[in-house]
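Please examine the sequence and the structure shown below before reading on. The paragraphs after it are meant as a guided walk for a newcomer.

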Amino acid sequence: MTRHFLFVLGSSRPDGNSELLARKAAEQLPADVEQHWLSLAAHPLPDFEDLRHDSDHARPTEGNEGLLLDATLAATDIVIVSPLYWYSVSAQTKRYLDYWSGWLRTPGVDFKATLAGRTLWGVTAMADEEPVVADPLIGTLNHSAAYMGMRFGGVLLGNGSKPGDVLDDTEALARAKTFFAQEPPLARFPH
């Protein structure tokens, strides 16, 4: 199967540090790997309304929700590119993940079975020097992947606050060169 990477950009600003780091990692992908980059700021989703137990769902076919659902289903690898905001993913990214709850119950989509075995990755830039502060973000992505039966490639961490700062993080740039080359294991819950 040809690999198809979906990069879900969760920053409120274009060309932020997380995106710059993700693009450095993506440069290392083989030429035959498809890449699709979608900005959640450019394709905003409304607040998630949990109707799982209240009504029938129809498969969204248009608008930003339809676009994001189709792109998610088409991807073999989903890369969450979100800056570390208050120790976790950005609000836009969290909203996108909340929509997964609705897509789980959308008739004709078979969302969980479709994503099972595929890979979830993360790329984030943070202002803190200590990687441990990103543990809640990493946990969110790992647990989401575990619930879906996906593989988890981990999170590529970089340091940067002001625009472009991450390009000075030589350790993160070195990790970016091999980040997508690893064979990720199935995600597991810690319990």
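What follows treats a helix, then several salt bridges, and then the spaces between the atoms. The model is a predicted one.

A convenient starting point is helix α2, which covers residues 63–74. At 1.5 Å a residue, its twelve residues should span 16 Å, and the C-alpha atoms at its two ends lie 17 Å apart, so expectation and model agree. Within α2, the buried residues are Gly-66, Leu-68, Leu-69, Ala-71, Thr-72 and Leu-73. These buried residues pack against three strands, namely β1 (4–9), β2 (34–39) and β3 (77–81), and against two helices, α3 (91–103) and α4 (111–115).

The next subject is the pairing of charged side chains. Across the whole structure, a search finds four salt bridges. One of them joins Asp-77 to Arg-3, with the closest N and O atoms 2.8 Å apart. Because Asp-77 belongs to strand β3 and Arg-3 to the segment before β1, this pair ties together parts that are 74 residues apart in sequence. The two partners may also be described by their accessibility. Asp-77 has a relative accessible area of 2%, below the 20% limit, and is therefore buried. Arg-3, with a value of 32%, is partly exposed.

Another salt bridge links Asp-47 with Arg-95, and here the closest N and O atoms are 3.0 Å apart. Asp-47 is located in the loop between β2 and α2, whereas Arg-95 is in helix α3, so the pair ties together parts that are 48 residues apart in sequence. With a relative accessible area of 60%, Asp-47 is exposed. Arg-95 is partly exposed, its relative accessible area being 22%.

How far apart, N to O, are the side chains of Asp-98 and Lys-94 in their salt bridge? The distance is 2.5 Å. Both residues are in helix α3, and because they are four residues apart there, about one helical turn separates them. Asp-98 is partly exposed at a relative accessible area of 24%, and Lys-94 is likewise partly exposed, at 42%.

The last subject is empty space. Rolling a probe the size of a water molecule over the atoms shows where such space is left. In the whole structure, the search yields one cavity of 30 Å³ or more. The largest cavity holds about 40 Å³ of space. Its lining consists of Leu-40, Pro-44, Leu-45, Gln-92 and Arg-95. By class, three of these lining residues are nonpolar, one is polar and one is charged. Arg-95 thus appears in two settings: it lines the largest cavity, and it forms a salt bridge with Asp-47.

The second largest pocket contains about 200 Å³ of space. It is lined by Lys-94, Leu-97, Asp-98, Trp-100, Ser-101, Leu-104, Thr-140, Ser-144, Tyr-147 and Met-148. The elements giving two or more residues to this lining are α3 and α5 (135–148). Which element supplies the largest share of the lining of the second largest pocket? That element is α3, with five residues. The lining of this pocket comprises five nonpolar, three polar and two charged residues. Lys-94 and Asp-98 are among the residues of this lining, and their side chains meet in the salt bridge described above.

Methods. Residues numbered from 1 in each chain as written. Predicted model: local features only at pLDDT ≥ 70, side-chain atom pairs only at ≥ 80, totals over all residues. Heavy atoms only, no water. Expected span 1.5 Å × (residues − 1). Buried < 20%, exposed > 50% of the residue type's maximum accessible area, 1.4 Å probe, protein only. Contact = heavy atoms within 4.5 Å. 1 Å grid on protein atoms, 1.4 Å probe; cavity = no way out; pocket = protein on both sides within 12 Å on 5 of 7 lines; lining within 4 Å. Points joined across faces, edges and corners; volume = space filled by probe spheres on them. Nonpolar A, V, L, I, M, F, W, Y, C, P; charged D, E, K, R; others polar.
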